[in-house]
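Visitor: Could you walk me through this model, a piece at a time? I would like to ask as we go.

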Amino acid sequence: MYPNPDVSKFITEHFVPVKTHIKEQPAVFKRFGAQWTPTLVVFDPDGGERYRFEGYLPAGEFLAQLEFALAKDAFAREQWGDAERRFRAIAQRYPKSDAALEALYWAGVAKYKAGGDPGALKETAEQFTEQYPESAWAKKASVWAA
Amino acid sequence: MPAIQWSNDVDAAILQARAKHVPLLLDFNAAPV
């Protein structure tokens, strides 16, 4: 499991990792509503669920998802600057990942939350229009363009 | 790189995460542990 050294290093450095097996601990699956394997859930230190993803991912995509979870955690704690930095880093480090465009969207939201400037949302919408016009996230951001 | 030190005790891991103030990663899997 997780033979990729970058994945191992990231998990070791950033999380308390716990693994549960469907045949050995079905009650834990039920307790947390896990309906498929693999499912990964990230909780903040106080036990609040911050992010969940289901299904196998190759190492790069998997790392992007883990970093996204940490960015969402920063966002939930209203640490807007940290959240924006983390979201932008995901978009830059894993530009081909599924997480990249969602990260770009949330980077714009974090910037807006930090300063209250709607220009941050407009900039984000324009970036989607220019770079990723066909993405679902471009459609979501399009409402900010006006 | 040493292997990840996975716990299989969810409640102990929750307490550890709180004490260390570190996020918890809970992996629901069907692969051999």
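Guide: What follows is a set of questions and answers on this structure, which is a predicted model.

Visitor: Happy to start with the overview. In what order do the elements of chain A run from the N terminus on?

Guide: The secondary structure of chain A comes to seven helices and three strands. The C-alpha trace of chain A spans about 55 × 30 × 25 Å along its principal axes, and 39% of its 146 residues count as buried. From the N terminus on, the order of the elements is α-β-α-β-β-α-α-α-α-α.

Visitor: Let me turn to a strand. How many residues of β2(A) are buried?

Guide: Strand β2 of chain A covers residues 39-43. Thr39(A), Val41(A) and Phe43(A) point one way from β2(A), while Leu40(A) and Val42(A) point the other way. Residues on both sides of β2(A) are buried, and the count for the strand is five of five.

Visitor: Which residue is the bridge partner of Leu40(A) in β1(B)?

Guide: Strand β1 of chain B, residues 24-29, runs antiparallel to β2(A), and five bridges join the two. In that pairing across the chains, the bridge partner of Leu40(A) is Asp27(B).

Visitor: And within chain A, which residue of β3(A) stands opposite Val42(A)?

Guide: β2(A) is also joined by five bridges to β3(A), residues 49-54, again in an antiparallel arrangement. The two strands form a hairpin with five residues between them, and Gly47(A) in the turn has a positive phi of about 95 degrees. Opposite Val42(A) in β3(A) stands Tyr51(A).

Visitor: How many residues on the side of chain A that touches chain B are nonpolar?

Guide: The contact takes 33 residues from chain A and 25 residues from chain B. On the chain A side, α1 (5-14), β1 (16-21), α2 (26-32), β2 and α3 (59-76) each supply at least two residues. That side divides into five charged residues, eight polar and, for the nonpolar ones, 20.

Visitor: Now the core. Which element supplies the largest share of the largest nonpolar core?

Guide: The largest nonpolar core holds 45 residues, and those touching the most other members are Ala71(A), Phe87(A), Ile90(A), Ala103(A) and Leu24(B). Ten residues of this core, its largest share, come from α3(A).

Visitor: Which residues does Phe87(A) touch, leaving out those up to four places away in sequence?

Guide: Phe87(A) is one of the core residues that touch the most other members. With residues up to four places away in sequence left out, the contacts of Phe87(A) are Ala71(A), Ala103(A), Trp106(A), Ala107(A) and Ala110(A).

Visitor: Why does Ala103(A) count as buried?

Guide: Ala103(A) sits in helix α5 of chain A, residues 98-115, and 13 of the 18 residues of α5(A) are buried. Beyond four places in sequence, Ala103(A) touches Phe68(A), Ala71(A), Phe87(A), Ile90(A) and Ala91(A). A residue is buried if 20 or more other C-beta atoms lie within 10 Å of its own. Ala103(A) counts as buried because its C-beta neighbours inside 10 Å number 28.

Visitor: How far does α5(A) reach from its first C-alpha to its last?

Guide: At 1.5 Å a residue, the expected span of this 18-residue helix is 26 Å. Just after α5(A), Gly116(A) takes a positive phi of about 75 degrees. The reach of α5(A) itself is close to the expected span, at 27 Å.

Visitor: I always look for unusual backbone geometry. Which two residues does a cis peptide bond join?

Guide: Most residues other than glycine have a negative phi, and most peptide bonds are trans. Here the cis bond has an omega of about -10 degrees, and its proline lies in the loop between α2 and β2 of chain A. The two residues are Thr37(A) and Pro38(A).

Visitor: Is Glu78(A) buried or exposed?

Guide: Glu78(A) lies in the loop between α3 and α4 (80-93) of chain A, and its phi is near 60 degrees, a positive value in a residue other than glycine. The limit for an exposed residue is 12 or fewer other C-beta atoms within 10 Å. Glu78(A) has 11, so this residue is exposed.

Visitor: Last one: what is the phi of His21(B) near?

Guide: His21(B) is found in the loop between α1 (10-20) and β1 of chain B. His21(B) counts as exposed because 9 C-beta neighbours lie inside 10 Å. Its phi is positive, although the residue is other than glycine, and is near 55 degrees.

Conventions: Residues numbered from 1 in each chain as written. Chains lettered and ligands numbered in written order. Predicted model: local features only at pLDDT ≥ 70, side-chain atom pairs only at ≥ 80, totals over all residues. Helix = DSSP H or I, 4+ residues; strand = E, 2+ residues; numbered from the N terminus. Pairing = 2+ DSSP bridges. Contact = placed C-beta atoms within 7 Å. Nonpolar A, V, L, I, M, F, W, Y, C, P; charged D, E, K, R; others polar. Core = buried A, V, L, I, M, F, W, Y, C linked by C-beta atoms within 7 Å. Expected span 1.5 Å × (residues − 1).
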